[in-house]
Amino acid sequence: MHPIALSLLLGVTAAAANVLGGAIIVQRHWEHAYLKYFVALGAGFMLATALVEVFPASLQLRGKDGAFLVLLGYLIIHFFEHTVTPHFHFGEEIHSEHFAHRHTGYSVLIGLVIHTFFDGIAIASGFLVSNSLGWIIFVAIFLHKIPEGFTVSSVMLASGQSRRLAWGASVLLGAATFAGVLTMAVLRQEVSFGLPLSAGVTIYVAASDLIPEVNREPGAKVALVVFLGVALFFALEHIVH
């Protein structure tokens with residue numbers, strides 16, 4: 001199968017996993033006390049994926065220039081969350097029973113939409129470089145797609161949004177993933193730019209959006225779930241390799 005055709009097919013599969021992750025969360029009533037654990041699990045999983053899988057592949061493509069593009073990807077998210085939308089801030093609460101302020105949910109959603117767009121970029125980029133790299137990146141991305149859907153729906157529910165809106169957020173992530181694949185299909189000659197940018201975006205969402213939200217919680221239980229997310233990534237990566 002042609003690399004682009006295969007990328008499109010797998011892009012749909014990855015997008016469906018986003019939607020499934022969101023559906024699992026909204027189909028039952030989750031107490032706010034449990035939602036934060038899903039956020040922490042997703043944060044650890046995404047951070048490990050970016051640093052262990054996508055970042056090294058980016059350096060192989062462009063060498064030191066790859067590191068600069070990773071930084072650029074990181075700064076892209078910072079720009080959209082704190083310049084284009086400066087009213088979104090972490091740490092603001094209007095109800096003590098909520099894990100997060102309503103604006104926090106939308107801030108995380110903005111970051112995750114851009115992040116999942118670059119998930120699609122990464123899938124297509126991998127197959128354009130080589131079939132084996134494409135499959136490795138796809139599996140790594142697919143494995144965090146359901147937790148990603150968990151994460152966005154959990155954050156939206158925890159910030160006081162409706163179940164319908166929380167599930168809609170996961171659908172939006174799926175659409176952004178497929179849009180990323182389509183974009184890379186058109187700009188296939190720019191493959192060495194797409195992959196490192198996607199690494200930087202993922203690092204920002206995990207380390208600068210979700211980890212600080214986890215760190216707001218008292219005690220060590222929630223923080224330890226981040227390590228569980230990382231451990232889950234390594235266990236699944238071992239199976240893949």
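Let's start with a charge and a ring: in this predicted model, the charged end of Arg-62 sits over the ring of Phe-193, at 4.2 Å from the ring's centre.

Phe-193 brings us to aromatic rings in general, which also meet one another here. The structure holds seven aromatic pairs. One of them joins Trp-135 and Phe-138, whose ring centres are 6.0 Å apart and whose planes make an angle of 85°. Planes over 60 degrees apart count as edge-to-face, so this pair is called edge-to-face.

Where do Trp-135 and Phe-138 lie? Both belong to helix 5, which runs over residues 131-158. They are three residues apart, about one turn of the helix. Is each of the two buried or partly exposed? Trp-135 has a relative accessible area of 35%, so Trp-135 is partly exposed. Phe-138 has a relative accessible area of 7%, and therefore Phe-138 is buried. Their pair also belongs to a wider group: ring pairs link Trp-135 and Phe-138 with Phe-127 and Phe-142 into a cluster.

Now let's step back from single rings to whole helices. Two packed helices are described by the angle between their axes and the distance between those axes. Take helix 1 (residues 3-26) and helix 6 (residues 163-186), which pack at an angle of about 170° with their axes 8 Å apart. Because angles over 145 degrees count as roughly antiparallel, helix 1 is roughly antiparallel to helix 6. Which classes of residue make up this contact? The contact of helix 1 with helix 6 has 17 nonpolar residues, along with seven polar ones and one charged one.

Definitions and conventions
Residues are numbered from 1 along each chain as its sequence is written. This is a predicted model: local features need pLDDT of at least 70, side-chain atom pairs count only at pLDDT 80 or more; totals for chains, interfaces and linings use all residues. Side-chain values use heavy atoms; hydrogens and water are left out. Axes are lines fitted to C-alpha atoms, for helices over the stretch in contact, and angles run from 0 to 180 degrees between N-to-C directions. Helices (H or I, at least four residues) and strands (E, at least two) are DSSP runs, numbered from the N terminus. Angles under 35 degrees count as roughly parallel, over 145 as roughly antiparallel, 65 to 115 as roughly perpendicular and the rest as oblique. Ala, Val, Leu, Ile, Met, Phe, Trp, Tyr, Cys and Pro count as nonpolar, Asp, Glu, Lys and Arg as charged, and the others, Gly among them, as polar. Rings of Phe, Tyr and Trp (its six-membered ring) pair if their centres lie within 6.5 Å; planes under 30 degrees apart count as stacked, over 60 as edge-to-face and the rest as tilted. Buried means under 20% relative accessible area, exposed over 50%, partly exposed in between (1.4 Å probe, protein chains only). A charge sits over a ring if NZ of Lys or CZ of Arg is within 6 Å of the ring centre and within 35 degrees of the ring normal.
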